[in-house]
Amino acid sequence: MSEKLRVGILGGTGMVGQRFISLLENHPWFEVTTIAASPRSAEKTYEEAVGGRWKMTSPMPEAVKDIVVMNVNEVEKVAGSVDFVFSAVDMSKEEIKKIEEDYAKTETPVVSNNSAHRWTPDVPMVVPEINPEHMDVIPFQRKRLGTQKGFVAVKPNCSIQSYAPALTAWKEFEPYEVVATTYQAISGAGKTFADWPEMDGNIIPYIGGEEEKSEKEPLRIWGRIENGVIVPAESPVITCQCIRVPVLNGHTAAAFVKFKKHPDKEALIEKLVSFQGLPQTLGLPSAPGQFIQYLEEDDRPQVRLDVDFENGMGISIGRLREDTVYDWKFIGLSHNTVRGAAGGAILCAELLKAQGYIAKK
């Protein structure tokens, strides 16, 4: 019997589900033993259910090809075969909320890539390097759900990962006003260029719901726990525009910041490159050794050169310079389906295991 924790992937046939399966191949702590998806995929092998829709550049792991896909709606049956699940289901927000809590009520921890529970007051929304202490809200959530072990934890939106880590590293300089424009890859919509040929050579200046998430979710990450719920921070004020661009993987941000204190460039860069979090201290398997890198070249970061920094789990910052209206401006880059989606959720699960919230049933 493997000592690894048995993992289920809810929504395993979609792009994010595929990314989970790809990243979990040969994971030292976790083993994918169960894949669940819609009823139309159930009873097929994973290879049959995905068919020609495998969207990763690496081949489908041999270990999952013959796993028989289960019906994600058969909650008790799926939950009985795993120690915890990752959720990447494609449903309405209300359906996602319900099914994730249904899994939690079977005493199965749920680590979700979905947005449905990001504003549920007692659900932690965590970037492990930034706010690992928010996992402390889980006992309050368990009390509400009536569970001993089950809970829901989520990771934030992919778009904020390219600028929120830098702002966190600069917290002592008190950023209070931020303007950000994100240039977001098509994989954020679960697409490739084969699926979405009209994106080739095109820009779409609208991504539904993305601007509100980009403005508000960092404040929840920087918030505090009071009376068993997470209370968002009130500062900095962030305004954001989100643009879909013809890039497969990698969200880029152009950000402008005002500070109450007045750091110089050297101090800002030093805070970026020295920034470490609990994942680095604990040596978690998916944690980047260097969370944030600073690139001196005028033409960096670039998607082609930098999106896979630290296996896609690191953040790249460049072009830090003084601004004529704001104090400083910079360019950030993050991998939206690794750090921003499945990889970030896997790192959350590793943190939860290290904190004792996830264990063998």
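Q: Which residues line the largest cavity of this predicted model?
A: Let's start inside this predicted model. The lining of the largest cavity divides into four nonpolar, two polar and two charged residues. By name, the cavity is lined by Val126, Val127, Pro128, Lys155, Pro156, Gln161, Arg339 and Gly344.

Q: What volume does the largest cavity have?
A: The search counts cavities of 30 Å³ or more, and it comes to one cavity. The volume of the largest cavity is about 30 Å³.

Q: Which element supplies the largest share of the lining of the largest pocket?
A: The largest pocket holds about 1200 Å³ of space. Helix 1 (15–24), strand 2 (30–37), helix 8 and helix 12 (338–354) each supply at least two residues of its lining. The largest share, four residues, comes from helix 1.

Q: Which residues lie nearest the centre of the largest pocket?
A: By class, the lining of this pocket has 15 nonpolar, 21 polar and nine charged residues. The lining counts 45 residues, and those nearest the centre of the pocket are Val16, Ala88, Val89, Asp90 and Asn114.

Q: Why is one side of strand 3 and of strand 6 left without a neighbour in the sheet?
A: These strands belong to an open sheet of six strands with parallel pairing, in the order 3-2-1-4-5-6. Strand 3 (70–71) and strand 6 (152–154) stand at the edges of this sheet, so one side of each is left free, and the reason is that each has a single partner strand.

Q: Which residue of strand 3 stands opposite Ala37?
A: Strand 2, which also contributes to the lining of the largest pocket, pairs with strand 3 in the parallel sense over two bridges. Within strand 3, the residue opposite Ala37 is Asn71.

Q: Which strands are the edge strands of the sheet with the order 10-7-11-14-13-12?
A: This open sheet has six strands and mixed pairing. Its neighbouring strands are turned by 20° against each other on average, direction ignored. An edge strand here pairs on one side only, and that description fits strand 10 (237–244) and strand 12 (292–295).

Q: Do strand 7 and strand 11 pair in the parallel or the antiparallel sense?
A: Strands of a sheet pair through backbone hydrogen bonds, in one sense or the other. Ala180 stands opposite Ala255 in strand 11, and the bridge partner of Thr182 in strand 11 is Ala253. Strand 7 (residues 175–184) and strand 11 (residues 251–259) share eight bridges, and their pairing is antiparallel.

Q: In strand 10, which residue is the bridge partner of Val179?
A: Strand 7 also pairs with strand 10, here in the parallel sense over eight bridges. The partner of Val179 in strand 10 is Thr239.

Q: What angle does the direction of helix 8 make with that of strand 10?
A: Helix 8 (residues 210–221) packs on the sheet, where it touches strand 7 and strand 10. The direction of helix 8 makes an angle with that of strand 10 of about 145°.

Q: Which residue of helix 8 meets Arg118 in a salt bridge?
A: Side chains of opposite charge can pair when their charged atoms come close. A search of the whole structure finds 16 salt bridges, and one of them has an N to O distance of 3.1 Å between the side chains of Arg118 and Glu217. The pair links distant parts of the chain, 99 residues apart: Arg118 is in the loop between strand 5 (110–112) and helix 6 (138–145), while its partner in helix 8 is Glu217.

Q: Is the peptide bond from Ser235 to Pro236 cis or trans?
A: Pro236 sits in the loop between strand 9 (229–231) and strand 10. Omega for the bond from Ser235 to Pro236 is near 5°, and the bond is cis.

Q: What is omega for the peptide bond that joins Arg300 and Pro301?
A: Pro301 has its place in the loop between strand 12 and helix 11 (303–306). The bond that joins Arg300 and Pro301 is cis, with omega about 5°.

Q: What phi does Asn227 have?
A: Asn227 is found in the loop between strand 8 (224–226) and strand 9. Although Asn227 is not a glycine, its phi is positive, at about 55°.

Note on methods
Residues are numbered from 1 along each chain as its sequence is written. This is a predicted model: local features need pLDDT of at least 70, side-chain atom pairs count only at pLDDT 80 or more; totals for chains, interfaces and linings use all residues. Side-chain values use heavy atoms; hydrogens and water are left out. Two strands pair if DSSP finds at least two bridges between them. Axes are lines fitted to C-alpha atoms, for helices over the stretch in contact, and angles run from 0 to 180 degrees between N-to-C directions. Contact means heavy atoms within 4.5 Å. On a 1 Å grid over the protein atoms alone, a cavity is a set of points where a 1.4 Å probe fits but cannot get out, and a pocket is an open set with protein on both sides within 12 Å along at least five of seven lines; lining residues have an atom within 4 Å of a point. Grid points are joined across faces, edges and corners, and a volume is the space filled by probe spheres set on the points. Ala, Val, Leu, Ile, Met, Phe, Trp, Tyr, Cys and Pro count as nonpolar, Asp, Glu, Lys and Arg as charged, and the others, Gly among them, as polar. A salt bridge is a side-chain nitrogen of Lys or Arg within 4 Å of a carboxyl oxygen of Asp or Glu.
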